[in-house]
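Me: I'm new to reading protein models. Please pick out the contacts between charged side chains and look at them closely with me, then show me the part of the fold that lies around one of them.

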Amino acid sequence: EFRDRLLEKIAQWYELWLRGESASIIDRWSRLSTYARGRRVVVATEDEKLTGVTDGLTETGAMRLVVEGGAVRTILAGEVTKLRKGAELSTRHSSA
């Protein structure tokens, strides 16, 4: 049954995390996600709205976002929206 297979997979990934093997979890996510690297996005956090390009995850699983000017921001939580092709980064960026 689907539910049983899902719970088994979750348990396997949880065991890796408990053993301190988060790098393998991040690596797997990065290989499977279309948002891992090079995706132009807008991220709305509690305090600000950032526009940039995704640049993988940190060792703790936070999103790395390269914003205008080349600075890398670490995003712990927020709503991520894909930018449409042709949308300008500079006109969508709000500074904090």
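Reply: Happy to! We need one term to begin: a salt bridge is a side-chain nitrogen of Lys or Arg within 4 Å of a carboxyl oxygen of Asp or Glu. Keep in mind that this model is predicted.

Start with Arg3 and Asp4, which form a salt bridge whose closest N and O atoms are 3.3 Å apart. That distance meets the rule, because the limit is 4 Å. Arg3 is partly exposed, at 47% relative accessibility, and Asp4 is partly exposed too, with 40%. By this rule, the count for the model comes to seven salt bridges.

Now move to helix 2, residues 22-32. Here the side chains of Asp27 and Arg31 meet in a salt bridge, with 3.1 Å from N to O. The two residues are four apart in the helix, so about one helical turn separates them. Asp27 is partly exposed, with a relative accessible area of 38%, whereas Arg31 is exposed, with 55%. The two words differ because exposed means over 50%.

A third pair is Asp55 and Arg64, whose side chains meet at 2.6 Å, N to O. Asp55 has 21% relative accessibility and counts as partly exposed; the label fits because buried means under 20%. Arg64 is partly exposed as well, at 28%. Salt bridges can also share partners: in this way Glu1, Arg3 and Asp4 are joined into one network.

Arg64 leads us to the surrounding fold, as it is one of the residues that Thr54 touches. Thr54 sits in strand 2 and is buried, with a relative accessible area of 3%. Its side chain reaches the backbone oxygen of Tyr35 at 2.9 Å. Other residues in contact with Thr54 include Ala36, Val41, Met63 and Leu65.

Strand 2 covers residues 49-57 and runs antiparallel to strand 1, residues 37-44, with six bridges joining them. Within this pairing, Val42 stands opposite Thr51.

Finally, step back to the whole sheet. It is an open sheet of five strands in the order 4-3-2-1-5, with antiparallel pairing. Strand 4 (72-75) and strand 5 (79-82) are at the edges with a single partner strand each, so one side of each has no neighbour in the sheet. On average, neighbouring strands are turned by 45° against each other, direction ignored.

Methods
Residues numbered from 1 in each chain as written. Predicted model: local features only at pLDDT ≥ 70, side-chain atom pairs only at ≥ 80, totals over all residues. Heavy atoms only, no water. Pairing = 2+ DSSP bridges. Axes fitted to C-alpha atoms, helices over the stretch in contact; angles between N-to-C directions. Buried < 20%, exposed > 50% of the residue type's maximum accessible area, 1.4 Å probe, protein only. Polar contact = N/O pair within 3.5 Å; in protein donor to acceptor, adjacent residues only side chain to side chain. Contact = heavy atoms within 4.5 Å. Lists of a residue's contacts leave out its neighbours within four places in sequence.
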